[in-house]
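User: I would like to learn how to read a protein model step by step. Could you take my questions in turn and explain each term as it comes up?

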Amino acid sequence: APQAALLEPKRSLALGVFLKQVKRPVRQIVRDIQEGVGAPYGAEKLLELSRMLPGAAEVRAGVGGCPGSPP
C-alpha cells in the first residue's frame with residue numbers, strides 16, 4: 001500500500017538529525033511542548049524544530065491527497 005509523507009525528504013532528514021541531537025523520545029518532546037516545558041531544549045532548538053514541521057495548510061494538503069482520506 002502506498003504511504004503518504006507529511007514532510008518532504010529534505011525536511012524529514014533534518015528532523016531525524018534534530019531528534020538524534022535532542023536524545024529524547026518523540027512522545028516526551030511532544031508532551032513537553034504541550035505542557036510548555038521548553039527549558040530542556042532551549043529557544044533556539046524549539047525555533048529550529050518549528051521551522052521543520054509542516055504548517056496546517058501543508059498537513060491538510062498532504063492528508064487530503066491520501067487515497068481513502070476524507071475530502
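User: How many helices and how many strands are there in the chain?

Analyst: This is a predicted model, in which local features need pLDDT of at least 70 and side-chain atom pairs count only at pLDDT 80 or more, while totals for chains, interfaces and linings use all residues. Residues are numbered from 1 along each chain as its sequence is written, and side-chain values use heavy atoms, with hydrogens and water left out. Helices (H or I, at least four residues) and strands (E, at least two) are DSSP runs, numbered from the N terminus, and from that terminus the elements run α-α-α-α. The count is therefore four helices and zero strands.

User: Which helix has the lowest mean pLDDT, and which the highest?

Analyst: pLDDT is the predictor's confidence in each residue, from 0 to 100. The chain averages 82, and 80% of the residues score at least 70. Where pLDDT is low, the predicted coordinates should not be read in detail. Among the elements, the lowest mean, 72, belongs to helix α4 (residues 56–64), and the highest, 93, to α2.

User: Which element gives the most residues to the largest nonpolar core?

Analyst: A nonpolar core is a set of buried Ala, Val, Leu, Ile, Met, Phe, Trp, Tyr and Cys residues joined through side-chain atoms within 4.5 Å, where buried means under 20% relative accessible area, exposed over 50%, and partly exposed in between, with a 1.4 Å probe and protein chains only. Here the largest core has eight residues, namely L7, L15, F18, V22, I29, Y41, L49 and M52. The elements that give two or more residues to this core are α1 (9–22) and α3 (43–52), and the one that gives the most, with three residues, is α1.

User: Which residue meets R24 in a salt bridge, and is that partner buried or exposed?

Analyst: A salt bridge is a side-chain nitrogen of Lys or Arg within 4 Å of a carboxyl oxygen of Asp or Glu, and the structure holds two of them. R24 is partly exposed, with a relative accessible area of 33%, and the N to O distance in its bridge with D32 is 3.4 Å. Both R24 and D32 are also in contact (heavy atoms within 4.5 Å) with Y41. The partner, at 5% relative accessibility and therefore buried, is D32.

User: Where do E48 and K45 lie?

Analyst: E48 and K45 form a salt bridge, with their closest N and O atoms 3.6 Å apart. E48 is partly exposed at 30% relative accessibility, and K45 is partly exposed at 25%. They are three residues apart, about one turn of the helix, and both lie in α3.

User: The backbone oxygen of which residue lies 3.0 Å from a polar atom of the side chain of R11?

Analyst: R11 has its place in helix α1, and with a relative accessibility of 18% it counts as buried. Leaving aside neighbours within four places in sequence, R11 is in contact with R51, M52, L53, P54 and E58. The backbone oxygen in question belongs to M52.

User: What is the phi of K23 near?

Analyst: K23 lies in the loop between α1 and α2 (26–34), and at 72% relative accessibility K23 counts as exposed. Its phi is positive, in a residue other than glycine, and is near 60°.

Terms used: Polar contact = N/O pair within 3.5 Å; in protein donor to acceptor, adjacent residues only side chain to side chain.
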